[in-house]
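Me: Hi, I'm new to this one. Can you walk me through a few spots while I look at it?

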Amino acid sequence: MSHFDTSDSPAKNQKFLFTRNPGSLRLVWLLSYPIILANMSESLLGVVDTYMVSQLGVIEIGAVGLGAMLAWLFYLPVMGLAMGLNTFVAQSYGARKMKDCGFITWQGLYLALISGSMILLAIPFVPLVFDLAGPTAEVKRLGITYLSWRMIDAPAFMIAATASSFFRGIGDTKTPMKIGIAINIVNVILNYGLIYGNLGLPRLEVQGSAIGSALASILGGGVYLVLFLSKRLHPYANRTFVKPCWHEFVRLFKVGAPIGLLRFLDVGSFVIFSVIISRLGNAQLAANQIAIQLMSVSYTTGMAISLAATTLVGQYIGARQLGMAENSTYNALKLAMSFMVFVGLVFLLFPEEMITLFNNDTDVIRFGREALLYAAFFQAFDALAVIFIGALRGAGDTRWTALAAFVGAWIIFLPLAYFLAFTLELGFGGAWLSATIYVCLLGLACVYRFRQGVWKKITI
């Protein structure tokens, strides 16, 4: 455990989540629904942003969609440091070591500033990334503009991600929900003004979409920092100055780096997948980005429930209640599976109607329909992957899932996508078949790892 002083007891009226219906479906839901609402608002924001940009044209859709995907290549390698903090805070909270929650969060905030600054320094390399991606000249030009401006929020974004991990770790998922919804509303307003020149703002089109999102994100980081420093959190020693500590950096890195690597490998593989799709044509790229945006509604909800599983597993492990950790995981799976399979049915029954919401181009509708049919099939397997990865993360078992993502995404998925799309000349459908195979294999692999029970013996 941490070298920090942990002798204090929790606040007099402090309530611990594991004392209320431990491991129950209701408890998972109570933690999950604020994260779901926040993620749904974020997904809705993405849908609205895509809709706003789609009114400019197919090329603009492709540029913003590809730019947003490529942004994760810069953010994801360090995002795991913020996400891994959740594990430390949750386990400290479960063990009733309240000051440790605040102390380790300060170390996470230091790392957030460092990693966010590194992302800013990487902005000059954005054109190189687009050169490697190889989209059409029009998409490349607009995509570089979008991504260069979008990344100016990096330090604030990392601070927000770190602070939200603290709040979730102590079982407070409503605060991130409220901040997320408020910031997303600001984002929509700014994008509405800056894309089209409404509300007295200049018409900047693709550039305006990036600036609006970045400004909203910067505001969010500031709000998170102010709330973390509030007096009501004094039991967590949040206002006690803590010097940067190399030992704690190493602990965070050991757990968080594999999380970042996993997210980088997983999302990064879909970035490369989008690059492969972009070489099939602009209609295919636009259809791909619309399908991925629609899928995000399902995936981000599953991820929300996964974050609740991470918190509960961490808290129960800290409290040495492994049975409750396992129960909460399976109850989280019930919630995620129900919702994601339902979304899959919507994709299966109304694919053309969903795509038409964004674009009426005949080719975009045809390719988008094909993508959604594949997505409908793998929703259940996606639920398996996100929930069990979240549960394993709560225990600190992060290296194995990173390895599984590497093998699945980069050894199987991407080579197979290229082979099916170009070598066998199956085109767009062949590429999406490879994505389906990857998600199914990853889901089954994560079930296997969790049932092995290795996570019960890990010490962070």
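**Loops, bridges and a helix pair**

Reply: Let's start with L199, which sits in the loop between α7 (174-196) and α8 (206-228). Keep in mind that this is a predicted model.

Me: OK, what's the phi of L199 like?

Reply: L199 has a positive phi of about 60 degrees, although it is not a glycine.

Me: And is L199 buried or exposed?

Reply: L199 is exposed, with a relative accessible area of 57%.

Me: What about R320, where is that?

Reply: R320 lies in the loop between α10 (282-318) and α11. R320 also has a positive phi of about 60 degrees without being a glycine. Its relative accessibility is 78%, so R320 counts as exposed.

Me: Switching topic: how many salt bridges are there?

Reply: The count comes to 9 salt bridges.

Me: Which residue does K456 pair with?

Reply: K456 meets E326 in a salt bridge, at 3.2 Å from N to O. This pair links distant parts of the chain, 130 residues apart: K456 is in the segment after α15 (427-452), and E326 is in helix α11 (residues 322-349).

Me: Buried or exposed, those two?

Reply: Partly exposed: K456 has 36% relative accessibility, and E326 has 25%.

Me: Got another bridge, say for D131?

Reply: D131 forms a salt bridge with K140, and their closest N and O atoms are 2.3 Å apart. D131 is partly exposed at 44% relative accessible area, and K140 is partly exposed at 27%.

Me: And which partner does R203 have?

Reply: That's E205, with the closest N and O atoms 3.0 Å apart. R203 is partly exposed at 47% relative accessibility, and E205 is partly exposed too, at 30%.

Me: Now helices. How do α9 and α14 sit relative to each other?

Reply: The axes of α9 (residues 246-278) and α14 (residues 399-423) come within 8 Å and cross at roughly 10 degrees. Angles under 35 degrees count as roughly parallel, so α9 and α14 are roughly parallel to each other.

Me: Which residues make the contact?

Reply: On α9 they include L261, L262, L265, F270 and F273. On α14, among them are A405, F406, W410, F413 and Y418.

Me: What's the mix in that contact, nonpolar, polar, charged?

Reply: The residues where α9 meets α14 divide into 18 nonpolar, 3 polar and 2 charged.

Notes. Residues numbered from 1 in each chain as written. Predicted model: local features only at pLDDT ≥ 70, side-chain atom pairs only at ≥ 80, totals over all residues. Heavy atoms only, no water. Axes fitted to C-alpha atoms, helices over the stretch in contact; angles between N-to-C directions. Helix = DSSP H or I, 4+ residues; strand = E, 2+ residues; numbered from the N terminus. Parallel < 35°, antiparallel > 145°, perpendicular 65-115°, else oblique. Contact = heavy atoms within 4.5 Å. Nonpolar A, V, L, I, M, F, W, Y, C, P; charged D, E, K, R; others polar. Salt bridge = Lys/Arg side-chain N within 4 Å of Asp/Glu carboxyl O. Buried < 20%, exposed > 50% of the residue type's maximum accessible area, 1.4 Å probe, protein only.
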